[in-house]
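User: I'm new to reading protein models and would like a close look at one part of this one. Could you walk me through it slowly?

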Amino acid sequence: MKKDSKLLWTEVDEYFTGLLAPGDAELNAAVKTNRQARLPEIDVSPLQGKFLHVLVRITQAKRVLEIGTLGGYSTICMARALPKGGRIVTLEFEPRHAEIARANLRRAKMLARVDIRIGPALQTLPVLHSSGEGPFDFIFIDADKENNPQYLEWAVKLSRPGTVILVDNVARHGAVIESKSTEPDIVGTRRMMKQMAKNPRLSATALQTVGVKGLDGFAIAVVENASER
Ligand SMILES: C[S@@+](CC[C@H](N)C(=O)[O-])C[C@H]1O[C@@H](n2cnc3c(N)ncnc32)[C@H](O)[C@@H]1O
């Protein structure tokens with residue numbers, strides 16, 4: 001990749017961000033808190049957060065499931081898009097991340113709409129399912145990529161026809177095409193993509209993105225009845 005192309009993406013991203021997702025006191029404060037707490041800088045970018053917000057609005061989702069909370073930046077973006085009575089369940093492995101997310105959500109006045117479940121998602125997802133908390137209208141998968149195949153399976157189980165499932169970071173700076181990779185994130189992403197393609201209940205596509213976070217992408221699927229495909 002030519003260096004000047006990357007610079008160009010970044011400048012275009014900053015231009016769009018300045019117009020469409022300039023941030024506000026609560027989102028800026030969440031970023032500041034996350035950086036001060038030295039959370040990994042792996043939250044969605046401002047434009048991606050706005051993309052999530054717009055998707056939740058478009059789908060008119062009332063019940064949202066997020067796998068991977070971190071400091072709650074994406075959670076705030078989605079929570080703000082919910083209609084009255086809407087709820088987000090967000091799953092986070094690290095108690096410290098959850099605590100910081102809770103503080104950020106409280107400051108953004110979104111905590112009442114959000115239920116943070118702490119623990120490995122492969123343990124909290126079956127509990128959600130067995131306690132009948134689905135179906136969800138919109139599901140955002142953004143945790144450890146090696147478990148993406150299982151997360152997609154649980155997402156489908158927690159869905160209804162029409163549910164939208166969005167998976168972040170599927171291009172992985174282009175490394176997703178490395179078929180011989182043994183890197184767990186790549187193996188997990190490739191398996192998940194294959195499942196998405198093969199599952200008769202899913203109609204899916206993927207889009208590469210460029211911007212302040214380099215080359216990456218989203219996969220997005222809508223859940224259908226098998227007979228509708
Ligand atoms: C990419 S970050 C989430 C970013 C967040 N969605 C945002 O954009 O603001 C991934 C998060 O998933 C959490 N995580 C990693 N493995 C997990 C697991 N097995 N179960 C639940 N959460 C996990 C990490 O601790 C981290 O906070």
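Which elements each supply at least two residues of the lining of the largest pocket?

Analyst: Happy to help! Keep in mind that this is a predicted model. Three elements each give at least two residues to the lining of the largest pocket: helix 4 (73–79), strand 2 and helix 6 (121–130).

Now for the pocket itself. The largest pocket holds about 690 Å³ of space. Its lining is made up of 34 residues, and those closest to the centre are I42, D142, A143, D144 and K145. Sorted by class, the lining of the largest pocket contains twelve charged residues, along with eleven polar and eleven nonpolar ones. If you wonder how such a space is found, rolling a probe the size of a water molecule over the atoms shows where empty space is left.

To place strand 2, let's turn to the sheet. The sheet is open and has seven strands, in the order 3-2-1-4-5-7-6, with mixed pairing. At its edges are strand 3 (114–118) and strand 6 (202–209), each of which pairs on one side only. From one strand to the next, the twist averages 15°. As a general point, strands of a sheet pair through backbone hydrogen bonds, either parallel or antiparallel.

One pair in the sheet makes a good example. Strand 4 (residues 138–141) and strand 5 (residues 164–168) run parallel and are joined by four bridges. Within that pair, F140 has L166 in strand 5 as its bridge partner.

Helices lie across the strands too. Helix 5 (residues 95–107) lies across strand 2 (87–92) and strand 3, and it runs at about 170° to strand 3. Helix 3 (residues 46–59) lies across strand 1 (63–67), strand 4, strand 5, strand 6 and strand 7 (216–223), running at about 160° to strand 4.

Helix 3 also leads us to another pocket. The second largest pocket has about 320 Å³ of space. It is lined by 17 residues, and L47, Q48, F51, T209 and F218 are the ones nearest its centre. Helix 3, strand 6 and strand 7 are the elements that give two or more residues to this lining, and the largest share, four residues, comes from helix 3. By class, the lining of the second largest pocket has eight nonpolar, five polar and four charged residues.

So, back to your question: when you look at the largest pocket, start with helix 4, strand 2 and helix 6, then find D142, A143, D144 and K145, which are among the residues closest to its centre.

Key:
Residues numbered from 1 in each chain as written. Predicted model: local features only at pLDDT ≥ 70, side-chain atom pairs only at ≥ 80, totals over all residues. Heavy atoms only, no water. Pairing = 2+ DSSP bridges. Axes fitted to C-alpha atoms, helices over the stretch in contact; angles between N-to-C directions. Contact = heavy atoms within 4.5 Å. 1 Å grid on protein atoms, 1.4 Å probe; cavity = no way out; pocket = protein on both sides within 12 Å on 5 of 7 lines; lining within 4 Å. Points joined across faces, edges and corners; volume = space filled by probe spheres on them. Nonpolar A, V, L, I, M, F, W, Y, C, P; charged D, E, K, R; others polar.
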